[in-house]
Amino acid sequence: MQIRLDKFLADAGIGTRREVKSIIKKKAVTVNGDCVVKPETKVDPDTDEVSVNGSSVSPRGTVTYLLHKPAGYVCATEDSRFPTVMELVPRGRDLFPVGRLDKDTEGLLLITNDGAMAHRMLSPRSHVDKTYLAVLDRPAEEKYAVLFEKGVEIGDDTPTLPAKFEICDMRHPALEYLPEEYRINLNPGQAVLLTIHEGRYHQVKRMFQAVGREVIYLKRVSFGQLVLPLSLKKGEAVLCQPDLQSS
Ligand code: URA
């Protein structure tokens with residue numbers, strides 16, 4: 001059955017009817033590869049391929065944004081004290097953040113209305129990798145690789161699961177993610193990458209505390225198969241379709 005394009009996009013959670021009309025008029029929407037500017041255009045949700053800004057919109061009615069979370073925002077749907085990450089994506093029905101980053105942590109955050117996908121991404125059984133770029137108060141030591149691989153005590157019932165640690169040399173591509181003020185003042189050994197597949201409270205900060213270092217800057221640069229695009233500015237979001245199959 002064919003339905004109007006603006007209804008299709010609103011039902012998919014892209015925004016309110018008024019918001020999606022404006023998105024369509026801005027020439028951001030294609031149907032089977034052709035740009036469409038009329039909200040009343042009829043589409044068949046079963047056969048037509050609808051995309052917004054190049055990202056395909058799921059006919060299942062689910063929507064997922066990949067947000068470059070800036071510091072200062074909390075990962076909650078509502079908060080009485082601080083701005084929430086929900087303010088950074090178009091309003092849509094039933095959207096929620098997939099897991100949490102601390103208020104002062106930046107980086108890749110998914111916001112979705114797809115409960116099943118969120119569960120798969122967060123379930124400890126799925127072992128989905130999360131990679132963080134951290135700047136430490138003092139240079140890291142090579143031995144952390146062995147310690148984190150074994151697991152460290154961070155004050156919970158069990159030690160952390162094996163994690164992968166790498167010190168970034170001064171030409172490491174990941175340093176591109178650092179804000180200017182950290183990049184220009186960086187000492188060798190101070191920037192590190194840590195890949196974990198758990199999601200304990202303050203986990204990265206507590207793992208470095210356990211080896212005598214303080215995290216002074218933290219950014220998530222990947223989550224499963226998804227990598228934070230270098231071109232995505234802080235506070236910007238793009239539609240995406242997390243695909244666990246290949247992770
Ligand atoms: N680990 C932390 O310590 N903070 C985060 O925000 C995410 C992982």
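Here is a short walk through this structure, starting at the ligand and ending at a sheet. Keep in mind that the model is predicted.

Let's begin with the ligand and where it sits. The space it takes up is the largest pocket. Look around the ligand and you'll meet its neighbours: Leu101, Asp102, Thr105, Tyr132, His202, Gln203, Val204, Lys205 and Leu218. Sort these shell residues by character and you get four nonpolar, three polar and two charged. Which helix gives the largest share of this shell? That's helix H6, spanning residues 203-210, with three residues.

Now zoom in on the polar contacts. Asp102 reaches in with its side chain, putting a polar atom 2.7 Å from a nitrogen atom of the ligand. Val204 does things through its backbone instead: an N or O atom there lies 3.1 Å from a ligand nitrogen atom. Lys205 also uses a backbone N or O atom, which lies 3.0 Å from an oxygen atom of the ligand. So how much of the ligand gets covered up? On its own it exposes 230 Å², and the protein buries 97% of that.

Let's leave the ligand and turn to a sheet. Four strands make up this open sheet, running in the order S3-S2-S5-S6 with antiparallel pairing. At the edges you'll find strand S3 (34-35) and strand S6 (55-56), each of which pairs on one side only. Follow S3 to its partner and you arrive at strand S2, residues 29-31; the two pair in the antiparallel sense over two bridges. To spot this pairing on screen, pick out Val31: its bridge partner in S3 is Asp34.

Definitions and conventions:
Residues numbered from 1 in each chain as written. Predicted model: local features only at pLDDT ≥ 70, side-chain atom pairs only at ≥ 80, totals over all residues. Heavy atoms only, no water. Near = heavy atom within 4 Å. Polar contact = N/O pair within 3.5 Å; in protein donor to acceptor, adjacent residues only side chain to side chain. Areas by Shrake-Rupley, 256 points an atom, 1.4 Å probe, with all protein chains shown as cover. 1 Å grid on protein atoms, 1.4 Å probe; cavity = no way out; pocket = protein on both sides within 12 Å on 5 of 7 lines; lining within 4 Å. Sits in = over half its atoms within 2 Å of the grid points. Nonpolar A, V, L, I, M, F, W, Y, C, P; charged D, E, K, R; others polar. Pairing = 2+ DSSP bridges.
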